Amino acid sequence: MPLQLAPLHSHDPPFQLPVSGSVTIGRRPNNTLVCNDISVSGKHCEISIASGSVKISDCSTNGTYINDERIVKGEVAEVHPGDVIALTKPHPPGALDSTVEAAVRVQFRLEHATGAQSDANGNGGLTSTALRGEPAATFSQSCPLNPPKRASTTAEGFAHDLLMQEQQCKAKITGELLLARRRLDEERSKSDSLARDLRKAKANLEEERRRKSAALDGREALKAEAAKLKDNRHQLPEMRTAAREDNPGWLMIIVIIGLV
């Protein structure tokens with residue numbers, strides 16, 4: 001049985017889906033189903049129908065919801081009659097009890113088309129231009145109780161797309177700058193740490209040089225003292241002989257001095 005998308009946000013007639021093929025929904029005029037709502041992306045989602053199976057893939061920035069369950073960009077999910085496809089986010093807490101203002105959500109319910117709504121060719125009422133991928137229906141998103149904000153012209157829709165792209169580019173550049181700054185800070189921290197280690201190594205080297213110089217000076221002093229002692233030792237026998245000849249009493253003193 002042919003299927004249709006019944007809008008829940010406006011009083012527009014249901015949009016008949018083909019028996020097989022694909023339908024794109026978005027704000028740009030080249031979509032099969034055009035929604036002039038500022039919350040809807042240029043190409044928001046794509047519906048594929050084949051062998052009685054209906055699948056939807058998200059192509060938007062803000063997301064597509066099936067029974068208020070979001071599908072991520074690029075994900076393909078199967079939908080069944082009775083499921084509600086929403087192109088805008090769910091209402092915030094408090095919206096249903098009128099504590100906060102709630103905008104009308106862009107939503108469609110997948111339903112079976114009645115016999116009067118389906119044409120004899122089984123195309124579900126879809127015109128030949130729509131089968132060729134050209135726009136077949138435009139939903140105004142009007143609601144007399146609480147109309148949502150929307151782009152009134154295609155030019156405004158394109159301007160909104162450009163603004164969104166500019167904001168995304170700015171956010172991307174800001175993120176890259178923050179990442180580069182964080183890396184620069186890390187490199188500076190590493191450089192400061194290496195500089196401290198280098199200064200410490202230089203101080204240790206200077207200390208080792210001073211110790212080596214002091215050791216060399218001490219070694220030279222010891223060598224000089226040893227040479228002096230050696231000379232004194234060579235002179236000791238002569239002093240003993242002279243003392244023995246002159247005064248035997250001095251011999252004991254010389255011997256004691258030599259032992260010392």
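The protein chain folds into three helices and 12 strands, where helices (H or I, at least four residues) and strands (E, at least two) are DSSP runs numbered from the N terminus. The model is a predicted one, so to speak of local features a pLDDT of at least 70 is needed, side-chain atom pairs count only at pLDDT 80 or more, and totals for chains, interfaces and linings use all residues. Residues are numbered from 1 along each chain as its sequence is written, and side-chain values use heavy atoms, with hydrogens and water left out.

A look at the whole chain comes first. Of its 260 residues, 27% count as buried; buried means under 20% relative accessible area, exposed over 50%, and partly exposed in between (1.4 Å probe, protein chains only). The protein chain exposes about 17,300 Å², and carbon and sulfur atoms supply 56% of that area. These accessible areas come from the Shrake-Rupley method with a 1.4 Å probe, and for residues only the protein chains shown count as cover. Among contacts (heavy atoms within 4.5 Å) between residues at least 6 apart in sequence, 50% join residues at least 24 apart.

The interior can be followed from its largest nonpolar core, which has 23 residues. Such a core is a set of buried Ala, Val, Leu, Ile, Met, Phe, Trp, Tyr and Cys residues joined through side-chain atoms within 4.5 Å. Those with the most contacts inside the core are L5, L17, I25, I47, I56 and L87. Two or more residues each are given to this core by β1 (3–7), β3 (21–26), β4 (33–35), β5 (45–50), β6 (53–58), β9 (76–79) and β11 (107–112). The largest share, three residues, comes from β5.

I25 offers a handy point from which to view these surroundings. Leaving aside residues up to four places away in sequence, I25 touches L5, N31, L33, C35, K43, H44, C45, I47 and L87. Strand pairing adds to the picture: β3 and β5 run antiparallel and are joined by five bridges, and two strands are said to pair if DSSP finds at least two bridges between them. Within this pairing, V23 stands opposite I47 in β5. β3 also pairs with β4, here in the parallel sense and over two bridges, with G26 standing opposite V34 in β4.

Charged side chains form eight salt bridges in the structure, each defined by a side-chain nitrogen of Lys or Arg within 4 Å of a carboxyl oxygen of Asp or Glu. One of them links E111 with R109, whose closest N and O atoms are 3.7 Å apart. Both partners are partly exposed, E111 with a relative accessible area of 25% and R109 with one of 31%.

Helix α2 (residues 154–246) carries further examples. The side chains of K170 and E166 meet in a salt bridge at 3.4 Å, N to O; these residues are four apart in the helix and therefore separated by about one helical turn. E166 counts as partly exposed, at 40% relative accessibility. Further along, R210 forms a salt bridge with E207, with the closest N and O atoms 2.4 Å apart. Because R210 and E207 lie three residues apart in helix α2, about one helical turn separates them. R210 is partly exposed at 49% relative accessibility, as is E207, with a relative accessible area of 30%. A network of salt bridges links E207, E208, R210 and R211.
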